[in-house]
Amino acid sequence: MGITGKTAADIFDSIRMLTQTGALTAGQELPTVRDLAATLGVNRNTISMAYKRLAAAGIAVTQGRLGTVIRAQSGPGEQEGVLPGSPLADLGSGNPNPAWLPDIGAALARKPYRTRLYGEPPVDPELEAAARHWLSRDCPEQLEINLTHGSVDAIERLLAAHLVAGDKVAVEDPCFLSSVNALRAAGLQTVGVAVDAQGMQAEALEEALAQGAQAVIVTPRAHNPSGCSLSPARARKLRAVLARYPHVLVIADDHFSLLSVMDYQDVIPPTARRWALIRSVSKMFGPDLRLAFVASDAQTSQRLRLRLAPGTNWVSHLLQDAVAACLSSPEVSEQIARARDGYAQHREIMTRALAQQGIAVASPADGLNLWLPLQQNSQPLILALAQRGWLVRGGESFGLQAPAHGLRITISTITEEKAQEFARVLRKLLDQG
């Protein structure tokens, strides 16, 4: 295999070079600690240290009794969004309805921009006060507020603040695309936790934590792609499980927040030492407004602020002003309420149209999408739909432990007529097998 070295650092460098030159490839198993120690004439602890460093660097994965293998280098992964220039009717983008987003220019006109310089507070005091008022009732009492460039950025920063490459993270299975991509890019291992109509399953979470997961990411409502939300009973069970693992970082990603028709259910136990609640504004105010509020414990907040300081990488105050203007505007509040009702109506329109054709989607559902479970790979059905003018998202890319066979159907801009037409086409294709 060509591994050389007498120190942990030299052995690490040798294996890294072998992966860079292609002599070691993804999935290839490294020698056992005992065998490599004997081959190189070094102590087993030296090999163990080298392997741990390889795992921390994301070069290899240590799988206990299954040995240590070279990790596959992840590509960019499948992304959310529209297909530019596509003539297809888009039911797959996951985007909000542009007609229900506020006029950011008008909002800024009500709150003229004031120049900020290095050294000023990274979070505008007015916006911080609004965030505390909004998030404090759903968090442990002692909380700190930070801002990040959206919810995925928040998740990346939170995990980087507490975890190292190779650590395990428990996430819903199926899981939101951007979260999957972020975890893979960070070299973290995903441990899928099954979901049902009431959200993440408590027994499956217990199993993931018993396997050594150091963090858990929970979507309290409008889970993407399934649309499920936590019930009060399920949230209590999850809190009870997490209370037995107080060292685990608990992240609640409440991405749909004010647009949700479901009540927020808290999963953060009082015993949690490391926790965060994330609420972004992307669904309410548009994906280009890259801002998310992060409420967290003091230690986590301190670690976030090391990288979100006024001299390095704070969230632009221009964005903060826009969000503050929107949150304080009665007109925008009314628009959010109309959008919440509108999305609920669109979900009902599509659900009813499909039901009339004998097609049942997962329910109850919240969010911008509906989920249609399938018994087989979705790709042939997706291709057939595309040939008839419809673009939908296949479920396989959302799966972790196994492919998630299904269709994710975005309802943001659907009409009664289009829903009926799509349901008829889908019914015909399903009948054709």
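**Exercise 1. Cavities.** Find how many cavities of 30 Å³ or more the structure holds, and work out which classes of residue line the largest cavity.

*Solution.* In this predicted model, the count of cavities of 30 Å³ or more comes to three. The largest cavity encloses about 60 Å³ of space, and its lining includes Gly-94, Ala-222, His-223, Asn-224, Lys-283 and Asp-366. To sort such a lining, one needs the rule that Gly counts as polar, whereas Asp and Lys count as charged. Sorted in this way, the lining of the largest cavity divides into three nonpolar, seven polar and two charged residues.

**Exercise 2. A second lining.** Describe the second largest cavity by its volume, its lining residues and their classes.

*Solution.* The space in the second largest cavity is about 50 Å³. Around this space stand Pro-122, Val-123, Asn-146, Leu-147, Arg-305, Leu-308, Trp-314 and Val-315. By class, the lining of the second largest cavity is made up of six nonpolar residues, one polar residue and one charged residue.

**Exercise 3. The nonpolar cores.** Identify the residues that touch the most other members of the largest nonpolar core, and then follow the contacts of Phe-293.

*Solution.* The largest nonpolar core has 84 residues, and those that touch the most other members are Leu-205, Phe-293, Met-350, Leu-385, Leu-407 and Phe-422. The element that gives the most to this core is helix α13 (residues 330-356), with eight residues. Apart from this core lies another one of 22 residues, including Val-180, Leu-183, Leu-188 and Leu-249. For the contacts of Phe-293, residues up to four places away in sequence are not counted; among the residues that Phe-293 touches are Leu-127, Trp-134, Asn-146, Leu-147, Ile-278, Arg-279 and Val-323. Asn-146 and Leu-147, which Phe-293 touches, also belong to the lining of the second largest cavity.

**Exercise 4. An open sheet.** Work out the strand order of the open sheet of three strands, and explain why one side of β12 and of β14 is left without a neighbour in the sheet.

*Solution.* The order of the strands is β12-β15-β14, and the pairing is antiparallel. Because β12 (369-373) and β14 (393-394) stand at the edges, each has a single partner strand, and one side of each is therefore left without a neighbour in the sheet. Looking at one pair in detail, β14 and strand β15 (residues 406-410) run antiparallel and are joined by two bridges. Arg-393, for example, has Arg-408 in β15 as its bridge partner.

**Exercise 5. Backbone exceptions.** Determine which peptide bonds to Pro-174 and Pro-364 are formed, cis or trans, and examine the phi of Ala-222 and of Ser-257.

*Solution.* As a starting point, most residues other than glycine have a negative phi, and most peptide bonds are trans. The bond from Asp-173 to Pro-174 is cis, with omega near 10°, and Pro-174 lies in the loop between β5 (168-173) and α7 (177-185). The bond from Ser-363 to Pro-364 is also cis, with omega near 0°, and Pro-364 is found in the loop between α13 and β12.

Turning to phi, Ala-222 has a positive value near 55° and lies in the loop between β8 (215-218) and α9 (232-243). Ser-257 has a positive phi of about 30°, and its place is in the loop between β9 (249-253) and β10 (274-280). To judge burial, the cut-off is a relative accessible area under 20%. Ala-222, at 2%, is therefore buried, and Ser-257, at 3%, is buried as well.

Key. Residues numbered from 1 in each chain as written. Predicted model: local features only at pLDDT ≥ 70, side-chain atom pairs only at ≥ 80, totals over all residues. Heavy atoms only, no water. Core = buried A, V, L, I, M, F, W, Y, C linked by side-chain atoms within 4.5 Å. Buried < 20%, exposed > 50% of the residue type's maximum accessible area, 1.4 Å probe, protein only. Helix = DSSP H or I, 4+ residues; strand = E, 2+ residues; numbered from the N terminus. Contact = heavy atoms within 4.5 Å. Pairing = 2+ DSSP bridges. 1 Å grid on protein atoms, 1.4 Å probe; cavity = no way out; pocket = protein on both sides within 12 Å on 5 of 7 lines; lining within 4 Å. Points joined across faces, edges and corners; volume = space filled by probe spheres on them.
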